Amino acid sequence: MGATLQKMKRIAFVIYLIALHGLVIYFVGERVLLRFTNITPIGSEAVTDPSEVKAVPTPLPVPESFADPVDENSNVNVNVNSLPPVTAPHTSAGLIIPVVGIRSDQLTDTFTSSRSEGRSHDAIDIMAPGGSPVIAAADGEIVKFFDSERGGITIYELTTDRRFMLYYAHLQRRADGIRVGMRVQKGTPLGFVGDTGNAGPGNFHLHFSIAIVTDPKSFWSGTYINPYPLLKNGEYPQ
């Protein structure tokens, strides 16, 4: 009887030691896992329904440096009346360069350049970005609109003294509010630089010519004079 009791005590003691070691291993092991691994113990995080629809956070505004660039030459929604006033480069009586943003040292004399069919240019090409504002080079009257295969979208302006015809060609479009019969002042917006007509796609420039009116009834066909020195020096044709 006594031997049996002693045996049972030993068995109970062994079970106690095993249980004690198990608890130690459990708590020490959990701390080791938490410290050296990314395992999250069950019960420390709420379990969510995978079908739950969560609100999408509002994105932060895009910094200006990463925003889509605005085309500086675009004339979309341009208010031609908001353009700054333009003054003559030398004397108030002289011509001004008919493209905003172009300086006299950027002009090239192409008056005598040859063109197709043996023609002479009889004008100068003022190179400028597409959409650049085209302005009246002198005071005058808009006397004709004409769209042609060669000139594209064009404007004819008769100077106030009715001695000279100013011709603007290859326009992208005419300015809003410009109409035939309208009197304009030097610097009045007339249209926008384009590549219409035979300019060639992407070859943006203003074809600008000056003709002496020899027949008032055929004002569009006079004797051409070179605009280059006049625009270069801000002079009026004599």
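Visitor: Leaving aside its neighbours within four places in sequence, which residues is Val99 in contact with?

Guide: Val99 touches Ile126, Ala128, Ser132, Pro133, Ile135, Val193 and Leu206, where contact means heavy atoms within 4.5 Å. Please keep in mind that this is a predicted model, in which local features need pLDDT of at least 70 and side-chain atom pairs count only at pLDDT 80 or more, while totals for chains, interfaces and linings use all residues. Residues are numbered from 1 along each chain as its sequence is written, and side-chain values use heavy atoms, with hydrogens and water left out.

Visitor: Why is Val99 called buried?

Guide: Buried means under 20% relative accessible area, exposed means over 50%, and partly exposed is in between (1.4 Å probe, protein chains only). Val99 has a relative accessible area of 2%, so it counts as buried. It belongs to the loop between α1 (2–36) and β1. In space, its C-alpha is 6.0 Å from that of Ile135, although 36 residues separate the two in sequence.

Visitor: What makes Pro129 partly exposed?

Guide: Its relative accessible area is 39%, which lies between the two cut-offs, so partly exposed is the right label. You will find Pro129 in the loop between β1 (124–127) and β2 (133–135). Its C-alpha lies 6.1 Å from that of Phe204, with their positions 75 residues apart in sequence.

Visitor: How many helices and strands are there in the protein chain?

Guide: The protein chain has two helices and nine strands. Helices (H or I, at least four residues) and strands (E, at least two) are DSSP runs, numbered from the N terminus. Read from that end, the order is α-β-β-β-β-β-β-β-β-β-α.

Visitor: How many aromatic pairs does a search of the whole structure find?

Guide: The search finds three. One of them joins Tyr156 and Tyr167, with 4.8 Å centre to centre and 50° between the planes.

Visitor: Why is that pair of Tyr156 and Tyr167 called tilted?

Guide: Rings of Phe, Tyr and Trp (its six-membered ring) pair if their centres lie within 6.5 Å; planes under 30 degrees apart count as stacked, over 60 as edge-to-face and the rest as tilted. The 50° angle is neither under 30 nor over 60, so the pair is tilted. The two rings come from distant parts of the chain: Tyr156 is in strand β4 (residues 152–159) and Tyr167 in strand β5 (residues 164–174), eleven residues apart. Tyr156, at 10% relative accessible area, is buried, and Tyr167, at 15%, is buried too.

Visitor: What makes the pair of Phe164 and Tyr236 edge-to-face?

Guide: Their centres are 5.8 Å apart and their planes meet at 85°, over the 60-degree cut-off, so edge-to-face is the name. Here Phe164 in strand β5 is linked with Tyr236 in the segment after α2 (227–233), 72 residues away. Phe164 is buried, with a relative accessible area of 1%.

Visitor: How do you know that the charged end of Lys144 sits over the ring of Tyr156?

Guide: A charge sits over a ring if NZ of Lys or CZ of Arg is within 6 Å of the ring centre and within 35 degrees of the ring normal. For Lys144 the distance to the centre of the Tyr156 ring is 5.1 Å. Arg174 lies over the face of Phe145 at 4.3 Å from the ring centre.

Visitor: What makes the pair Thr159 and Asp161 a polar contact?

Guide: A polar contact is a pair of N or O atoms within 3.5 Å; within protein, one must be able to donate a hydrogen and the other to accept it, and residues adjacent in sequence count only if both atoms are side-chain atoms. The two side chains meet at 2.6 Å, so the distance is within the limit. Thr159 lies in strand β4 and, at 2% relative accessibility, is buried.

Visitor: What is notable about the phi of His170?

Guide: His170 has a positive phi of about 65° although it is not a glycine. Most residues other than glycine have a negative phi. His170 is in strand β5 and counts as buried at 5% relative accessibility.

Visitor: What is the average pLDDT of the protein chain?

Guide: The average is 75, and 65% of the residues score at least 70; pLDDT is the predictor's confidence in each residue, from 0 to 100. Over residues 40–91 it is below 50. Where pLDDT is low, the predicted coordinates should not be read in detail.
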